[in-house]
Amino acid sequence: MKNFDFDFLLDKITWVSIIDILVVAILIYYVYSLIRNTLAVNLLLGMLIIFLFYHLVKSLNMDLLSTIINKFMSVGIMALIIIFQPEIRRFLLHLGKNTFLQKNKAWWGYLFGSKDLERDNLIRIKPIIDACKSMKKTRTGALIVFVKFYDDELFSNSCELIDSKISKRLLESIFQKYSPLHDGAVVIAENKIKSASCILPLTDNDKLPPQFGLRHRAGIGVSETTDAVAVIISEETGEIAYAKQGRVRMNVSFGELEKLLNKDF
Ligand SMILES: Nc1ncnc2c1ncn2[C@@H]1O[C@H](COP(=O)(O)OP(=O)(O)OP(=O)(O)O)[C@@H](O)[C@H]1O
């Protein structure tokens, strides 16, 4: 076997190339953390499969198929921009915020360990869990949607803007029966109650249990079309459901809810 020339390789490595590789690795990791647990991951995987398939058919000299895939991929950049438009928008928005490092606590977690981050997260989640406990007890129907970034286009049409600190009593008062805002969903994003009374897209999944009415369908619907997760409290049974990526988990206990929100929110 031919000896590998390490000296040649070492000569080629410069400080600039090391910094270059590090910056690319950080960028990949940042993009991954932005799209983790979102539908964009599936889209990206789909594109990766097409890309690998293209190279496979090309190496097998399957001319017709490789030409078709090649034509398809030649519009790939445009397709990428269109498909990932919300993610690209969020990425640029996020990058542009001048208090970026302080606001995005996740970075501190990555850099200095996750213990503090986890504790901060539990403090953040506590008022929501407490509100859910009390609404379950009083059988108050509720729909709370969690999104990483508030999308004006999606929510501003129907919602009542609130933009307030997350508090148990505020959540309870929004959803109590006589509140003018109780109909529709509350949206929580960027550590705030952003809006209430939001009308969400309904799922048209016909395999859902028949007892699922509009509240559940709206919670599942928004988790299908966006990277949002939704907590649904049934007015009829007081049961808590958790919707993510179009799938729903029934009868979620408070312990589970805390874990799920800690992971996804
Ligand atoms: N498109 C929508 N987006 C957000 N919320 C909605 C939407 N449609 C209905 N809702 C909410 O759902 C409530 C009606 O719930 P419905 O009884 O149909 O749901 P359900 O899933 O059976 O839940 P429950 O077990 O609480 O009865 C409405 O009062 C309104 O607050």
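1. Two strands are taken to pair if DSSP finds at least two bridges between them. In this predicted model, strand β2 (residues 160-165) is joined to strand β4 (residues 192-198) by 4 bridges, and the two run antiparallel. E160 has A196 of β4 as its bridge partner, and K165 stands opposite K192 in β4.

2. The setting of this pair is as follows. The protein chain contains 13 helices and 7 strands. An open sheet of 7 strands follows the order β2-β4-β3-β1-β5-β6-β7, and its pairing is mixed. At the edges stand β2 and β7 (247-249), each of which pairs on one side only. Neighbouring strands of the sheet are turned against each other by 20° on average, direction ignored.

3. Two helices pack on this sheet. Helix α12 touches β1 (142-147), β3 (185-189), β5 (229-233), β6 (240-244) and β7, and its direction makes about 170° with that of β5. Helix α13 (residues 254-264) touches β1, β5 and β6, with its direction at about 25° to that of β6.

4. The ligand deserves separate comment. Its shell comprises 17 residues, of which G213, L214, A218, S234 and E235 come nearest. Helix α12 (residues 214-225) supplies the largest share of that shell, namely 4 residues. By character, the shell divides into 8 nonpolar, 5 polar and 4 charged residues. Helix α12 thus appears in two of these points: it packs on the sheet, and it contributes to the surroundings of the ligand.

5. On burial, 21% of the 265 residues of the protein chain count as buried. Strand β2 has 6 residues, and the number buried is 0, so this edge strand lies largely in the open. Helix α4 (residues 63-74) also lies largely in the open, because the number buried among its 12 residues is 0. The length of α4 agrees with expectation: at 1.5 Å a residue, its 12 residues should span 16 Å, and its end C-alpha atoms are 16 Å apart.

6. C198 is placed in strand β4, the strand to which β2 is joined. Is C198 buried or exposed? A residue needs 20 or more other C-beta atoms within 10 Å to count as buried; C198 has 23 such neighbours and therefore counts as buried. Leaving aside residues up to four places away in sequence, C198 touches F155, S158, C159, G184, A185 and V187. The C-alpha atoms of C198 and V145 are separated by 9.7 Å, although the two residues are 53 apart along the chain.

7. Contacts across the sequence may also be noted. Among contacts in the protein chain between residues at least 6 apart in sequence, 57% join residues at least 24 apart.

8. Two residues merit a check of their backbone angles. R139, in the loop between α9 (115-137) and β1, has a phi near 50°, a positive value in a residue other than glycine. N191, found in the loop between β3 and β4, has a phi near 65°, again positive in a residue other than glycine. R139 is partly exposed, with 13 other C-beta atoms within 10 Å. N191 has 13 C-beta neighbours inside 10 Å and likewise counts as partly exposed.

Note on methods:
Residues numbered from 1 in each chain as written. Predicted model: local features only at pLDDT ≥ 70, side-chain atom pairs only at ≥ 80, totals over all residues. Near = placed C-beta within 6 Å. Nonpolar A, V, L, I, M, F, W, Y, C, P; charged D, E, K, R; others polar. Contact = placed C-beta atoms within 7 Å. Expected span 1.5 Å × (residues − 1). Axes fitted to C-alpha atoms, helices over the stretch in contact; angles between N-to-C directions.
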